[in-house]
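Colleague: Could you take a close look with me at one residue in this model and its surroundings? I would enjoy a connected walk through that part.

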Amino acid sequence: MNQRHINEEFKAVSMREGLLPVKVTPFYEKKIKEEVAALGNHLGPLHRVSFPTQDRISLRAPNEVKDFVNDRSNACGRANKTSIVRKYADRVLFLTTSKCFGHCQYCFRMDVLSENTFIDEPDEQDADLDRLIDYLRRQPEVTEVILSGGDPLMLPASRLETIIEGIRLVPSVKSIRIHTRAIVFEPKAFTAEKIDILARHGLRITFHIVHPYEICEEVSEKIADLRGHKIRLYNQFPLLRNTNDHQLVLHRLLERLDGMGVRNLSIFIPDPINFSAAFRVRLGRIWHIADQLNLFSPSWINSTRFVLDTSRGKVRREHCTEKNGDTDLVLFVRDGNSIPFPDFPEHLDVPGQLEVMLWKEYGRAKV
């Protein structure tokens with residue numbers, strides 16, 4: 001089946017299942033076209049990030065759910081809405097917009113984004129910010145606010161500053177962090193005005209760069225500009241099958257980030273949500289990849305954490321207490337709370353081909 005037919009099939013599935021439609025910026029699509037031309041197919045890592053593949057549509061794993069992390073259970077400040085989410089005692093997540101520059105095929109928040117379009121309504125924005133500020137004043141133990149979405153860089157500079165200045169009115173909040181993929185989708189979104197706002201207010205920026213080939217000269221220059229304004233830069237990303245599921249790909253990405261002064265915080269285990277099987281990796285292979293990365297790279301590369309996000313917060317390998325071999329159910333325990341996790345079936349976990357994922361280094365792939 002060719003890519004046009006796959007796109008049409010995915011469009012029908014998206015409308016039926018509530019998946020996000022395909023959305024790619026011209027900037028990112030230029031990289032994809034280069035990849036397709038070099039490989040001679042649509043199996044490359046950047047294409048998989050943005051466009052559906054047949055396995056994205058048809059491959060399913062047991063025990064997939066609509067929303068594994070269940071942000072709704074941690075929503076606060078407004079009944080039945082999830083613009084304010086709190087899973088940790090010291091920080092809250094504020095969803096500033098439901099809009100993104102591009103729609104990642106692996107998105108683990110598509111369900112929330114689809115229902116959270118209310119936060120983009122002008123008459124709701126100020127009310128939501130007022131609710132956040134009121135909540136923060138009543139919860140002085142919260143010392144950090146994370147601005148997410150959607151992508152906060154989609155907001156006009158004036159709106160972004162209004163949000164930041166409002167949060168800064170609360171003395172107990174010491175840190176504000178922004179999570180964004182604008183750096184790889186649309187680096188020009190970091191305008192001089194927005195960079196000035198971020199720098200003046202001392203914000204931290206966490207990127208979501210998933211593959212070393214997302215970093216080109218323009219991306220590198222924008223990161224250097226941000227660093228030149230003394231903005232603290234971080235990164236975190238998911239481990240994705242057929243995209244970056246090999247220690248060499250991770251090493252290349254982490255090495256490039258370190259060279260640009262970007263500290264990687266976490267590598268996430270994909271959520272077992274509906275239509276995620278094309279990207280998921282079995283836990284045993286994830287631990288093997290982590291071990292190999294640790295064994296053959298320096299500490300400033302391998303100090304990143306491999307984590308699973310849950311409704312109870314992040315868990316790691318050491319939180320894994322038992323596994324049922326018959327059901328493939330893994331039990332994690334955090335703060336006395338049991339968190340069951342359906343592992344990805346071994347027979348479905350076909351590793352990505354290194355010569356495809358790192359095609360620039362391996363030449364034309366034979367697939």
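In which strand is the place of Ser266?

Modeller: Happy to. Please keep in mind that this is a predicted model. Ser266 sits in strand 7, which covers residues 263–268. Ser266 has a relative accessible area of 0%, so it counts as buried, the cut-off being under 20%.

Now for the surroundings. Setting aside neighbours within four places in sequence, Ser266 touches Asn235, Gln236 and Phe237, and also Thr304, Arg305 and Val307. With Arg305 there is a polar contact between the side chains, at 2.8 Å. Asn235 is 31 residues away from Ser266 in sequence, yet the C-alpha to C-alpha separation is 7.5 Å.

The sheet puts these contacts in context. It is an open sheet of eight strands, in the order 1-2-3-4-5-6-7-8, with mixed pairing. Its edges are strand 1 (84–88) and strand 8 (305–307), each of which pairs on one side only. From one strand to the next, the twist averages 25°.

Following Asn235 leads to the next pairing. Strand 6 (residues 232–238) runs parallel to strand 5 (residues 204–207), and four bridges join the two. Asn235 in strand 6 is the bridge partner of Phe207.

Gln236, one of the contacts of Ser266, is also in contact with His179. His179 belongs to strand 4, residues 175–180. At 9% relative accessibility, His179 is likewise buried, because this value is under 20%. Its side chain makes polar contacts with the side chains of Arg177, at 3.1 Å, and His208, at 3.4 Å. Beyond four places in sequence, the contacts of His179 also include Ile146, Leu147, Ser148, Asp151, Pro152 and Thr206.

Ile146 takes us on to strand 3 (144–148), and helix 6 (residues 122–138) lies across that strand together with strand 1 and strand 2 (91–95). The direction of helix 6 is at about 175° to strand 2.

One more packing detail, this time between helices. Helix 7 (residues 157–168) and helix 9 (residues 192–200) have axes 10 Å apart and meet at an angle of about 10°, and they are therefore roughly parallel to each other. Helix 7 contributes Ala157, Leu160, Glu161 and Ile164 to the contact, while helix 9 brings Glu193, Lys194, Ile197, Leu198 and Arg200. Of these residues, five are nonpolar and four charged, with no polar ones.

Conventions
Residues numbered from 1 in each chain as written. Predicted model: local features only at pLDDT ≥ 70, side-chain atom pairs only at ≥ 80, totals over all residues. Heavy atoms only, no water. Buried < 20%, exposed > 50% of the residue type's maximum accessible area, 1.4 Å probe, protein only. Contact = heavy atoms within 4.5 Å. Polar contact = N/O pair within 3.5 Å; in protein donor to acceptor, adjacent residues only side chain to side chain. Pairing = 2+ DSSP bridges. Axes fitted to C-alpha atoms, helices over the stretch in contact; angles between N-to-C directions. Parallel < 35°, antiparallel > 145°, perpendicular 65-115°, else oblique. Nonpolar A, V, L, I, M, F, W, Y, C, P; charged D, E, K, R; others polar.
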